[in-house]
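Hello,

Here is the structure I promised to pass on. Please have a look at it first, and then read my notes below.

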Amino acid sequence: MNLLKPVATAGLTAGLVALSLTAITAQADHNSEHSIAARIGKVGSVCVEGEECKAPVAAASAAPAVASGPRSGADVYTAACSACHSTGAAGAPKLGDAGAWAPRIAKGTDTLITNAINGINGMPARGLCMDCSDDEIKAAVEHMVAGSK
Ligand code: HEC
């Protein structure tokens, strides 16, 4: 009789482990579906951790107005592009990810600038920065390309 107890306990433990694994898996699936939906769901409602949740276009126009002259590529990137390009949101190639950028850089910087201005697939026109000039978008693309080789 005493022999049965450990067996039963082992069986029960295995059952519980299996049960909690199922729960963890279900939870993970839920999380990833949720986060994918959150990431690809609504272009224009991307939130950056630590910042108030608002559309990138609002974030960009709320950026402190520089007295004069075009903003630098780095400034435009931080204000308008990093929401997607530092996180990979919506499948954006991350700044610094040479593997993701190599086939894009191979298309030529001019093509990348045109695509950034007009938009391509999940990449919205001007990265939603409607007050960015063509030169500022160009500078931001060059900043991203230079940092991703
Ligand atoms: C809302 C998210 C989002 C924002 C904001 C955003 N991008 Fe993108 N970007 C993407 C996605 C997604 C792709 C990948 C598109 C594809 O090739 O399918 C992409 C691709 C690109 C590419 C590569 C285009 C190509 O032809 O391969 C460039 C260049 C680029 N973005 C520049 C910018 C610049 C510059 C900004 C800021 C002014 C910006 N992006 C802001 C999502 C974004």
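Below are my notes on the ligand site and on one pair of helices.

This is a predicted model, in which local features need pLDDT of at least 70 and side-chain atom pairs count only at pLDDT 80 or more, while totals for chains, interfaces and linings use all residues. Residues are numbered from 1 along each chain as its sequence is written, and side-chain values use heavy atoms, with hydrogens and water left out.

Let me start with the ligand. The shell around the ligand (residues with a heavy atom within 4 Å of it) holds 25 residues, of which C81, C84, H85, N115 and M123 come nearest. By type, the shell has 16 nonpolar, 6 polar and 3 charged residues (Ala, Val, Leu, Ile, Met, Phe, Trp, Tyr, Cys and Pro count as nonpolar, Asp, Glu, Lys and Arg as charged, and the others, Gly among them, as polar). At least two shell residues come from each of helix 3 (73-85), helix 4 (98-105), helix 5 (109-118) and helix 6 (134-146); helices are DSSP runs of H or I with at least four residues, numbered from the N terminus.

Oxygen atoms of the ligand also lie by polar side-chain atoms: the distance is 2.7 Å for R104, 2.7 Å for K107 and 3.1 Å for N121.

Now for the helix pair. On the helix 3 side, G73, A74, V76, Y77, C81 and H85 are in contact (heavy atoms within 4.5 Å) with E136, A139, A140, H143 and M144 of helix 6. The residues of this contact comprise 7 nonpolar, 3 polar and 1 charged.

Best wishes

Notes. Polar contact = N/O pair within 3.5 Å; in protein donor to acceptor, adjacent residues only side chain to side chain.
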